[in-house]
Amino acid sequence: MSCFLLYLAVLGLQTGAGAMDWTFTRSGEMDITDCPITYFGQKYNKLYAAFNDNRFALCFNGAYEEGAQNDCIVMSGGTADRGNWSVLAHEIPTGSGVHKMLPALKHAGKCVNVIPLKDHQYSEIQQVELGNFGAQAILAIRTYSGYTDTDLVAYAQVKGQTVSKHVFQANETSMGVITDMSGCRLSGSVYMINTTIRNPDVCATVTCDVNGLATVVSDCVPMHHCQGNGSCAFDAMCTLTASTVIDFVGRVHTVTDRCGYTLMKSEAVPNIRIQGVFKERRRKDVSFLDHVIVHLDKQDAKLKLLQGGRVEINEISQALDTTATVVHGVELTKGQSGVTVKISQSNYTVTVFFDGNTVQIHLKGESAAAVHGLCGNSSVDLSEERVSEHSIAGCETQHEEAKDGMINCNASTEWCQLMWQDPFTRCHMQIDPEPFVSACISNLCQSPAVDGLKCHLMEAYARACRQQNNITVEDWRSTAGCAAGPEAMCRDKFCSDHEFCGVSYDGKAHCLCRALLASDYRSKDKFGEPAVCSHTSASVTMYCCLLLEKGIDYTRLHLNDESCKGDIDDKNHMVSFNFDRDHTCGAIIKANSSKITYKNVIMTPNISSVVTRYSNVQMDFSCHFDQPDPEGLSIKIKDSPVIKHLTSGEWDYTLTLSAYTDPGRTQPIESSTGVLLNEKIWVEIKAYGLEGNALAIVTESCWATDQLSSNGSIRYDLITAGCPNPADSTVDIEGNGQGTSNYFSFNMFRFLGRDSEIFLHCRVDLCVQQGDSCIQVCNPAARRRRSLPTIDAEGDPSIVTMAWA
């Protein structure tokens, strides 16, 4: 066996392939990018060594800790207390002596990580080698005279669990031993390479090939699910999110219109019909599942599941909570994430979950049953499942809109593919992720990011795994970058038929206008219909959601007389302003021989503050008694495109100040970008050309003026002394002093009574990092001073400026 180790070492040294040479004591972290190791199907670019007298461990996800869910190779330690690491690169062709000793090794070798271990007297005790053979890996060990253990034991661990144990006698290890460390991992289980195993726990046969890929052949026919004891039972789930449908057998199709459809009906559960109604949201050409209706024909009852976790039974709202309520023999439960309806009938159970965006229908029973509707047969023409009762005239009309340039389909596709990776792999054997990945890509490639669909299909996949297999996918939200907790954003929020609940420009949930309603008014720059006049009164009615789009707080509007405010209809979300001859509300009245004119103004109240985040509004409307000719209502708000500036200091580095419309800072604000008052924006300050581990940038202060000079006569502070202005609750700063970039956010404003440009100035200092001495702590009681002075230069080179036109 020793020939193998010598063979590798000689080849490596002959080619001069030592990519790295590094020494460590007791523990160490190695960057093995030059010789990565694929360990049971997972590729790693880092290696962590930790050892004592009893143990030597090589781990891939961090330093070894007993009981931790880590991937490790744990071996007897001997008396070594220090080690070296180097990389030897050389091609080892298939058919070599190594391959003959390990017949399952099918790939050529590329390189070897060599780790010799020594004691405090620098005597060589043991040598460990990890070889890269493409999708496979080998472990080689040799011990020397100073090694004290009689036998050497090597454990292969995956997620902290031992998957194989290798025991070698002293006479073997002194000559050198070699073993295969290849395999597959699937759904939390590990399979050795080149094996085929039937797993009764999941009713499937698993094959692990030489590339570390596992394939599964299920024993269960479509719409059946494994019971965990080798038997299959009728158990199917249908998922609908936005416009995509994943039916009971995993087929994916799309609803392209805004009609009502039968989702599920079956003879197995007679007198039960589940229907879904689709509507548009921000775009006319993209459909969304709007609400779900469960018909209980025998009880002559209709349960309507609406956005915001609201439930109506026969058009009457129901108050629900986490305690199950039984109505018409149906169990209703309302949780943080949505509403669940459970129906038990004829040895079958139907569970319907709806969170305002996604519905999942779970059908279980003793035997197979035919199912109709979009969940049962995706090959049926959509028109055959259309329900006239819930389909308005023209709902099937297709609309076209210009492509949304903000949608990055490639990035969305890559993100949706996360469902093929850990921690979702625990579910793969039981539930195929492919339909969920396909539906995820379909949704995200056609819907704007502000629709908030990004995490819904992942949530649905995790929920399906939990409901059908009692498997909880741990920490998937942090892995995918999804908000913690599934709580419904629009919980208990009522929106009218022409609205939907979504995130507005201020980052909060509001009732927003549907595209078909809003498009006509937007094109005419109007908020509603023209003024309505009679011989005694005048009125104007506007859509609240259209006003909201322009950042207008409709609750604060009034007529010339400030006591005359708008009347808001809580059902249709429209605001009306009225006056008549007896109550003129400050209207200006003009009379001549031909007509009498009443003129009034809808406006915002006077504000004494220095800044405001709402636009001043002044909309005139008037009525003529004899010849009514109402003026169209319109207002044009001056948007504020951000201009980016780059400023370099006197040192050899560059500072940039960039503004974005999203918290992930992927959507930059450009000269053509419209920014509304009170819209949340994110500003990132970044340094290029600095050593990331030596220097940090600290944003000391940021302020706005009404002129280019940073010493303008009017000044409004956003950040002072490295922390948000305590008088402005919209300001938030992240990562200040933690590296070569930080960012802050605030809601857009303008200077009251001024239409001039607004300039933003930031003072940025460089700080020498020593521990966390540069990090700004904004709790006044805990605030720390930096132990080393900041670096600055004469002439304030660190002030960078950008402006809104």
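A salt bridge is taken here as a side-chain nitrogen of Lys or Arg lying within 4 Å of a carboxyl oxygen of Asp or Glu, and by this rule the count comes to 20 in the structure, which is a predicted model. The mean pLDDT of the chain is 81, and 84% of the residues reach 70 or more. Confidence stays under 50 over residues 1–20, for which the model has 43 contacts beyond four places in sequence. Over residues 781–805 the pLDDT is likewise below 50, and this stretch has 85 contacts beyond near neighbours in sequence.

The chain contains eleven helices and 57 strands, and 51% of its 805 residues count as buried. Among contacts between residues at least 6 apart in sequence, 60% join residues that are at least 24 apart. The accessible surface comes to about 36,200 Å², and 47% of this area belongs to carbon and sulfur atoms.

In the interior, the largest nonpolar core has 45 residues, of which F248 and I361 touch the most other members. When residues up to four places away in sequence are not counted, the residues touched by I361 include A236, M237, C238, F248, L263 and M264, and I274, V350, T351, V352 and C375 are also among them. A second, separate core of 36 residues includes F51, V128, L130 and A156.

Helix 7, which spans residues 434–444, is largely enclosed by the rest of the structure, because eight of its eleven residues are buried. These buried residues are P435, F436, V437, A439, C440, I441, N443 and L444. Their cover includes three strands, namely strand 21 (232–241), strand 22 (244–246) and strand 23 (252–254), together with helix 5 (409–416) and helix 8 (456–469).

Strand 28 (residues 310–313) is covered on both faces, since R310 and E312 on one side and V311 and I313 on the other are all buried. This strand pairs with strand 27 (residues 301–306) in the antiparallel sense over four bridges, and in this pairing the bridge partner of L306 is R310. Three residues lie between strand 27 and strand 28 in their hairpin, where G308 takes a positive phi near 85°. Strand 28 also pairs with strand 29 (residues 316–318), again in the antiparallel sense but over three bridges, and V311 has Q318 as its bridge partner in strand 29. The hairpin of strand 28 and strand 29 has two residues between the strands, and N314 takes a positive phi near 55° there.

Four further strands form an open sheet in the order 37-38-40-39, with antiparallel pairing. Strand 37 (532–533) and strand 39 (567–569) stand at the edges with a single partner strand each, so one side of each is left without a neighbour in the sheet. Strand 38 (residues 537–543) and strand 40 (residues 574–580) pair with each other over seven bridges, and M542 has V575 of strand 40 as its bridge partner.

Among the salt bridges, K524 is joined to D520, with the closest N and O atoms 3.6 Å apart. K524 counts as partly exposed because its relative accessibility is 48%, and D520, with a relative accessible area of 38%, is partly exposed as well. In another salt bridge, K599 and D620 have their closest N and O atoms 4.0 Å apart. K599 lies in strand 42 (residues 596–603) and D620 in strand 44 (residues 618–624), so this pair ties together parts that are 21 residues apart in sequence. Both partners are partly exposed, with relative accessible areas of 37% for K599 and 26% for D620.

The side chains of E684 and R665 also meet in a salt bridge, at 3.3 Å from N to O. This pair links distant parts of the chain, for E684 is in strand 48 (residues 680–688) and R665 is in the loop between strand 47 (654–660) and strand 48, 19 residues apart. Burial is counted under 20% relative accessible area; E684, at 13%, therefore counts as buried, whereas R665, at 23%, is partly exposed. Finally, K302, K304 and E315 are joined into one network by salt bridges that share partners.

Note on methods: Residues are numbered from 1 along each chain as its sequence is written. This is a predicted model: local features need pLDDT of at least 70, side-chain atom pairs count only at pLDDT 80 or more; totals for chains, interfaces and linings use all residues. Side-chain values use heavy atoms; hydrogens and water are left out. Buried means under 20% relative accessible area, exposed over 50%, partly exposed in between (1.4 Å probe, protein chains only). Contact means heavy atoms within 4.5 Å. A nonpolar core is a set of buried Ala, Val, Leu, Ile, Met, Phe, Trp, Tyr and Cys residues joined through side-chain atoms within 4.5 Å. Two strands pair if DSSP finds at least two bridges between them. pLDDT is the predictor's confidence in each residue, from 0 to 100. Accessible areas come from the Shrake-Rupley method with a 1.4 Å probe; for residues, only the protein chains shown count as cover.
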